[in-house]
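Colleague: I am new to reading protein models and would love some company. Could we go through this one together, one question at a time?

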Amino acid sequence: MLLCLSASHKNADFAMLEVLSGRVGNLSRRVVDEMSFIGGIVTVATCNRVEVYVDIEEPVTAVEAVAVEGLVACIAEETALSSEDVHDAFVSYMNMDVAEHLFRVSSGLESLAVGEDEIAGQVRRSLETARAEGTTSADLERLFQRASQTSRGIKNVAGVGEAQRSLARLSLDLVESRVVDWRAVRVLLIGTGAYARVTLAALREKQVDEISVYSVTGRAHEFAQKRGLNPVSHTGYAEAVATADLIICCTTGTGYVLDAAAIARGRAALEPGPGALAPMPSECPVSHSDPALTKPALVAVSRASTARTAQVVVDLGLPRNVDPDVTQQPGVELLDLETIRLHAPITALQASEKAEELVGRAVRKFSKVSEEQNVAPAMVALREYFLDRAEDEIDRVRLRGEHTGPTEAALRHLVSVLLHEPMVRARELARQGEGQRYADGMNALFGIVVAESAPAERDAPAAAAPDAAANEAG
């Protein structure tokens with residue numbers, strides 16, 4: 001039985017998501033250790049969602065309520081939040097609703113920017129992490145692999161593939177009306193991970209020429225060398241902050257990498273110069289908490305009329321990479337995830353009917369295979385029952401000293417003929433969600449009791465084979 005708890009930009013505020021995403025790193029191991037009826041767990045934590053997918057392998061009374069209560073308690077302890085706050089932040093899905101939800105998530109249909117293409121890679125990496133931690137299960141393997149297949153099928157569908165708009169691209173779209181010439185914009189990219197690579201691609205689409213990169217962990221030089229960028233050392237960080245027109249932060253670490261003090265130190269060391277972005281009018285201050293980025297405040301002007309560089313800081317991190325106090329510095333405008341959510345042109349990015357159809361088809365296929373797998377033990381048990389009877393008869397022929405060749409061949413053929421119709425019927429019942437009727441009938445007719453799969457069998461990954469989504473963006 002599959003269960004998903006989901007907290008996302010749709011049902012939780014970003015402050016809550018920030019706390020959750022930064023503190024659920026040990027959740028999977030804890031859940032497996034403390035909740036004996038959980039056969040597997042995969043945790044997905046991205047910039048605008050935290051989700052927990054579990055495989056419940058033991059039948060318990062009121063299983064959904066018990067599992068949800070246990071998961072909420074574990075999350076509350078891991079995050080130091082109250083159980084009430086955690087419960088309010090999550091919504092739950094069961095069985096095939098779990099599959100539909102994950103397929104939509106992996107395909108970018110549930111993202112802040114519909115069609116976001118980083119999410120498929122994030123979902124894939126979540127499964128890889130669960131494998132490394134030994135917390136996945138056969139059913140979760142199959143669920144996540146099908147999600148990757150679905151996302152690839154939807155990627156080029158009209159209305160989704162055309163959008164291909166990540167959060168990085170959306171943020172640049174919001175900055176665009178302030179840009180005089182993208183080729184003259186000085187960009188400081190803070191971070192060298194997956195989001196940094198996607199952000200760099202978005203900047204190059206805008207034909208940005210002057211890009212510097214800084215890494216808190218010291219990876220800037222290697223990242224820059226491979227991509228023709230300007231690496232920034234720790235000692236040169238303050239100067240890079242002061243001279244950048246656009247600063248984009250996209251690291252996965254905890255703690256702020258940029259605050260008002262850092263900007264002040266850089267500015268104190270350098271004389272302000274003209275920039276490529278239009279200045280922010282004093283009568284139209286914009287901060288991370290403003291309800292709108294008004295058009296009059298974003299109208300571009302010429303470089304010659306720029307008295308002081310206006311700086312835009314984009315924070316794509318969750319937890320936050322940037323202290324909101326940066327807006328206390330003159331001319332600094334902050335676009336964080338909350339702001340991007342308010343201003344993203346979601347209506348222009350709605351998924352096509354074709355994409356929704358593909359998700360529905362994938363869910364139906366997943367359900368069909370799930371039901372057939374559930375009835376498979378009963379089919380195996382019936383085949384073994386008949387073959388055992390045939391072997392008994394063959395043994396009796398041998399004891400009489402007769403040649404068993406023709407008899408053995410005839411009996412095995414007869415078993416195959418007799419089993420054909422019951423096997424076909426088993427699959428039909430499984431597709432109708434009535435596989436238990438088949439098992440009950442076998443018990444009533446032949447006294448065959450189908451044993452539950454052993455936990456050790458279910459814990460083995462369904463496919464250690466390479467995930468075909470390995471080349472997804474993200």
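Colleague: Let me start with two helices. Is the crossing of α8 and α9 left-handed or right-handed?

Modeller: Happy to help, and please keep in mind that this is a predicted model. Helix α8 covers residues 167-176 and helix α9 covers residues 194-205, and their axes come within 8 Å. They cross at roughly 40°, so α8 and α9 are oblique to each other. The handedness of this crossing is right-handed.

Colleague: Which residues of α9 does α8 meet?

Modeller: On the α8 side, the contact uses L167, A168, R169 and L172. By class, the contact of α8 with α9 has seven nonpolar, one polar and two charged residues. The partners in α9 are Y195, V198, T199, A202, L203 and E205.

Colleague: Now for α1 and α3: are they roughly parallel or roughly perpendicular?

Modeller: Look at residues 14-23 for α1 and residues 63-79 for α3; the two axes come within 9 Å. V19, L20 and R23 of α1 touch I75, E78 and T79 of α3. The axes cross at roughly 90°, and angles of 65 to 115 degrees count as roughly perpendicular. Therefore α1 and α3 are roughly perpendicular.

Colleague: Let's turn to the strands. Which strands stand at the edges of the open sheet?

Modeller: The sheet has six strands with parallel pairing, in the order β7-β6-β5-β8-β9-β10. Neighbouring strands are turned by 20° against each other on average, direction ignored. An edge strand has a single partner, so one side of it is left without a neighbour in the sheet. The edge strands are β7 (230-232) and β10 (332-335).

Colleague: Which residue in β9 stands opposite I247?

Modeller: Strand β8 spans residues 246-249 and runs parallel to β9, residues 311-315. Four bridges join these two strands. Opposite I247 you will find V313.

Colleague: Which helix lies across β5, β6 and β7?

Modeller: Find β5 at 186-190 and β6 at 210-214, then look for a helix made of residues 220-227. This helix runs at about 175° to β7. Its name is α10.

Colleague: One last residue: is I211 buried or exposed?

Modeller: I211 lies in strand β6. Leaving aside neighbours within four places in sequence, I211 is in contact with V187, L200, L203, L229 and N230. Its relative accessible area is 3%, and under 20% counts as buried. So I211 is buried.

Technical notes: Residues numbered from 1 in each chain as written. Predicted model: local features only at pLDDT ≥ 70, side-chain atom pairs only at ≥ 80, totals over all residues. Heavy atoms only, no water. Pairing = 2+ DSSP bridges. Axes fitted to C-alpha atoms, helices over the stretch in contact; angles between N-to-C directions. Contact = heavy atoms within 4.5 Å. Parallel < 35°, antiparallel > 145°, perpendicular 65-115°, else oblique. Left-handed = near helix turned anticlockwise from the far one by under 90°. Nonpolar A, V, L, I, M, F, W, Y, C, P; charged D, E, K, R; others polar. Buried < 20%, exposed > 50% of the residue type's maximum accessible area, 1.4 Å probe, protein only.
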